[in-house]
Amino acid sequence: MPSFKKTLHFLSSALATSISIGLLGFAMSAQWSKTTMICARSGTGLFNGTAVVTLELFGGNLQRSSCPSFGSIDDFPVIPTLMEAKDETSLVLHGLVLCLLVLCLVFSAGSILISLYNSVSNPYETYMGPVGVYTCSSLSACLSVLALIIFVLNVIVTNMTEELVKNFVQVDLKDKVSEVQLGFYLVIPYTVLSLLAIALIYMYDHAAYTHRREQQRPTEDAPKEIMMY
């Protein structure tokens with residue numbers, strides 16, 4: 001059976017990772033960005049309306065005011081709408097964000113399983129030991145950061161939001177202003193908790209290594225004459 005200290009560290013790591021999964025799951029159902037644009041009826045050059053696109057990962061909302069006529073609200077699924085708009089670049093980037101976040105969940109689940117396994121047993125120093133937690137949690141942290149970067153680039157740099165608007169009405173758009181929302185920000189504590197899970201296991205692993213070295217030191221420091229006997 002593992003020591004109490006080992007059990008405590010690995011259970012704490014599993015708890016931190018479990019909380020991070022809950023945060024990421026909620027983040028994937030929340031709003032990620034809000035983009036406001038000034039619009040005009042196509043070809044008129046009279047920009048007196050606004051279009052506001054609010055995006056989640058799977059769905060979105062378009063609110064129009066005098067764009068080009070009276071206000072209206074349209075809900076839409078993100079991926080099918082991008083496919084209709086034939087915006088391949090935005091579609092690929094958005095799909096990549098979803099895949100990365102799903103992989104984050106998978107690796108976090110693996111980290112939990114390995115941590116729980118180590119809390120009740122003493123496996124060899126293989127991928128089922130601390131190395132497994134390091135690998136899974138570090139991949140989760142790295143992939144979540146990459147997903148955030150790709151999402152921001154897709155919203156700000158590409159024409160994703162413009163194409164989503166033009167899929168409903170043909171208008172001219174300018175002065176795009178985008179801001180990230182709650183779902184985006186919740187991925188940050190997910191990343192921090194994944195790193196915390198690594199830190200908890202490293203603290204135990206380092207202490208265990210130091211303890212083993214201290215036990216070996218008397219033999220290493222003994223005179224050669226004594227060791228011959």
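Select Met160 first: in this predicted model, Met160 has a relative accessibility of 0% and therefore counts as buried. The residue belongs to helix 5, which spans residues 160-166. Display the surroundings of Met160, leaving out neighbours within four places in sequence, and the contacts that appear are Leu55, Leu82, Asp87, Ser90, Asn154 and Val155. For a distance label, pick the C-alpha atoms of Met160 and Leu93: they lie 9.9 Å apart in space, with the two positions 67 residues apart in sequence numbering.

Next, select Thr158, in the loop that connects helix 4 (130-156) with helix 5. Is Thr158 buried or exposed? Its relative accessibility is 14%, so Thr158 counts as buried, the cut-off being under 20%. Show the side chains of Thr158 and Ser90, and a polar contact of 3.3 Å can be drawn between them. Beyond the four places on either side in sequence, Thr158 is in contact with Thr89, Ser90, Leu93, Leu153 and Lys176. Ser90 is thus a residue to keep on display, since it is listed among the contacts of Met160 and among those of Thr158.

Now turn to the strands and select strand 1, residues 33-41. Which strands pair with strand 1? One is strand 2 (residues 49-55), which pairs with strand 1 in the antiparallel sense over seven bridges. Another is strand 5 (residues 171-180), which is joined to strand 1 by eight bridges and also runs antiparallel to it. Zoom in on Ser33 to see both pairings at one residue: its bridge partner in strand 2 is Leu55, and its bridge partner in strand 5 is Val180. Leu55 links back to the opening stop, as it is one of the contacts of Met160. Lys176, listed above as a contact of Thr158, falls within the residue range of strand 5.

Finally, select the cysteines. How many disulfides does the model contain? The count is zero. Begin with Cys104, whose sulfur has its closest cysteine sulfur in Cys142, at 9.3 Å; this separation is too far for a bond, because a disulfide requires two cysteine sulfur atoms within 2.5 Å. Cys104 is buried, with a relative accessible area of 0%. Select Cys136 as the last stop: this cysteine is buried as well, at a relative accessible area of 13%.

Conventions. Residues numbered from 1 in each chain as written. Predicted model: local features only at pLDDT ≥ 70, side-chain atom pairs only at ≥ 80, totals over all residues. Heavy atoms only, no water. Buried < 20%, exposed > 50% of the residue type's maximum accessible area, 1.4 Å probe, protein only. Pairing = 2+ DSSP bridges. Helix = DSSP H or I, 4+ residues; strand = E, 2+ residues; numbered from the N terminus. Contact = heavy atoms within 4.5 Å. Polar contact = N/O pair within 3.5 Å; in protein donor to acceptor, adjacent residues only side chain to side chain.
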